[in-house]
2 protein chains.
Amino acid sequence: MAVYTEIADDELAQFIDSYGLGSVVSCKGIAEGVENTNYLVGTSSGQFILTLYEKRVAAGDLPFFLGLMEHLASKGLSCPTPVRDGEGRNLRELAGRPAALVTFLEGVWLRKPQAQHCHKVGVALAKLHEAGRDFALSRPNALGPEGWPPLFERFRAQADQVAPGLGGTIEEELTQLLRDWPQRLPAGVIHADLFPDNVFFRGDQLSGLIDFYFACNDLFAYDIAVCLNAWCFTPQVVFDRDKGAALLAGYQSVRPLGEAERAALPTLARGAALRFLLTRAHDWVHTPAGALVVKHDPVPYLQRLQFHAGVVAGGSASDYGLGPAS
Amino acid sequence: MAVYTEIADDELAQFIDSYGLGSVVSCKGIAEGVENTNYLVGTSSGQFILTLYEKRVAAGDLPFFLGLMEHLASKGLSCPTPVRDGEGRNLRELAGRPAALVTFLEGVWLRKPQAQHCHKVGVALAKLHEAGRDFALSRPNALGPEGWPPLFERFRAQADQVAPGLGGTIEEELTQLLRDWPQRLPAGVIHADLFPDNVFFRGDQLSGLIDFYFACNDLFAYDIAVCLNAWCFTPQVVFDRDKGAALLAGYQSVRPLGEAERAALPTLARGAALRFLLTRAHDWVHTPAGALVVKHDPVPYLQRLQFHAGVVAGGSASDYGLGPAS
């Protein structure tokens, strides 16, 4: 929820002009997304999102992100598509920042998604995995298991200020998860952050996916695990098995899970909960008072983690609503 | 820069439905305005601004604000126009807040306005004053001279933390301004907050005025004084006489100033600087760390105040670029 960078009038006009989309009709800062500055720009040709990449996004990763959106769109996946300027560039500079213009995706994100929406998210996620298979670039997951210990070190001393005993819990989880993490599952390009605010609907129809700025190469089933955490818990952090079943059935209607993936799902879900617990706890400790971002409470991810740890210990993926293998 | 209130999907759909404008196609929180929550809502009929009024706006004032926008639009002034629902209401409730839907005004606000733009602002301000003459409702200026002493009391003890000696300066200014404040100048509906972010341009053409939530009944020339402060100083807080001359000439091309207004302009400009100094210093002291608003630095308004005090002491309105009376 932030606009970090203001754009001078003449700079904006000149920038938009170079795309051949007509002149600027309107420009509004958007209060969504915490990493970058986004403007909704109206031109005589329609609406576009102008993103200025702030320092949390590594400039070297931008060709991967923009190329991926272009690739997925060319495969028929509905997502914002980078626009190329008169010289064929999809990555530019504006107000001293890397900048890109992408097409505007219609739809709204759902504050209260239902099981039927989870089914559609599952379908879309599997289509994304399939569509990404022949994308030429790759990017390691900086927030995968190898990234967790150094991230933890950056707030370890203050962890117990976030929740009593949190430091010890994370330490034990790291030991167990790094030991048990599956290595040889099907992998490819994953979204890695497919939360409800990154999925748009028009009415009950899924209209597209946005925000590919955590996308990377990793296990497909880990992406499902992220979605189980993001979509299938109640506000009171109780797992909603109907939503889990719908999401998994939707996914498998496009890409059925293999036996090893099914077996690994509880561990992957536990790891996904830890990943968001780590970044939220880190930001909770390090975001300066007065910063223009909403801090996300880490505790609900500690609760998710504990739920998944229980499934790992004494249950199976059927606890998520996963049906029998076909 | 804030979205304070989230709207549930079903509530939004139902709300928009009642206007007969088609279904919701998109909805984005806008990072502009510090008082209210604003969404840019796209429907099959076009774009609209949905405003949820947060607690800083008195609900009792909303019929004045919405009625004024409707009145001004009916007189041909370009501004957002409240839309009426199927039952003829322009003021509704949504997510537990008073809410209104208004038309979307094209254009962008200028980060670096030039003298030619100041001329157009002067013209628009005078047209607003003329168009408001026969508006039936009225609203006193809560931030006029009578409101200044109680506002000062709310941060007097901490004033010197904002700038050394600020408390004493404000005290002296209040004494002098309340004594010298003009009483019998032409008055009517004024905008009272016509800063650059409230004036939209398409290219170099003024496309309309927004944000009438400080509008009230007060001296017309005081509204000009607000604009001189808002539009005619350099970033280094030096008065730009070319811009002042342009703004005043634009205004007078529609509504020439009388002799008493001309004489009072330096005192009004000094008072307008004090009014923004007071609210900014108050907010500087009282805005909690971590609040989702940008705190405006009060000091540039102390510097403006000092400039105007010099004009009152040894100059005249011609120091602002005001030409001879016609």
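Q: How do you know how much area is buried between chain A and chain B?
A: In this predicted model, the area buried between chain A and chain B comes to about 3000 Å², and carbon and sulfur atoms give 57% of that. The figure is the accessible area that the two parts lose on being put together, summed over both. On chain A's part, Asp9(A), Lys28(A) and Arg111(A) supply 21% of the area buried against chain B, more than any other three residues.

Q: What makes a residue part of the contact, and how many residues does each chain give?
A: Heavy atoms within 4.5 Å are what it takes. The contact draws 36 residues from chain A and 36 residues from chain B.

Q: Why is the pair Arg111(B) and Glu6(A) called a salt bridge?
A: The cut-off is 4 Å between a side-chain nitrogen of Lys or Arg and a carboxyl oxygen of Asp or Glu. For Arg111(B) and Glu6(A) the closest N and O atoms are 2.7 Å apart, so the pair qualifies. The count between the two chains is two salt bridges.

Q: Which elements of chain A give two or more residues to the side that touches chain B?
A: They are α1 (9-17), β1 (24-29), β2 (37-43), β3 (46-52), β6 (108-109) and β8 (199-202) of chain A. The largest share, six residues, comes from β1(A). Sorted by type, the residues on this side of chain A are 21 nonpolar, six polar and nine charged.

Q: Why is Glu261(A) called buried?
A: Buried means under 20% relative accessible area, and Glu261(A) has 2%, so the label fits. Glu261(A) is found in helix α9 (residues 259-286) of chain A. Leaving aside neighbours within four places in sequence, Glu261(A) is in contact with Leu185(A), Pro186(A), Phe220(A), Ala221(A), Arg255(A) and Pro256(A).

Q: How do you know that Cys227(A) is in no disulfide?
A: The nearest cysteine sulfur, in Cys232(A), is 8.0 Å away. A disulfide needs the two sulfur atoms within 2.5 Å, so Cys227(A) doesn't make the cut. A search of the whole structure turns up zero disulfides over all chains. Cys227(A) also counts as buried, at 1% relative accessibility.

Q: What about Cys216(B): why is there no bond to the closest cysteine sulfur, and is the residue buried or exposed?
A: The closest cysteine sulfur, in Cys227(B), is 13 Å from that of Cys216(B), too far for a bond because the limit is 2.5 Å. With a relative accessible area of 0%, Cys216(B) falls under the 20% mark and is therefore buried.

Definitions and conventions: Residues numbered from 1 in each chain as written. Chains lettered and ligands numbered in written order. Predicted model: local features only at pLDDT ≥ 70, side-chain atom pairs only at ≥ 80, totals over all residues. Heavy atoms only, no water. Buried area = accessible area lost by both parts, 1.4 Å probe. Helix = DSSP H or I, 4+ residues; strand = E, 2+ residues; numbered from the N terminus. Nonpolar A, V, L, I, M, F, W, Y, C, P; charged D, E, K, R; others polar. Buried < 20%, exposed > 50% of the residue type's maximum accessible area, 1.4 Å probe, protein only.
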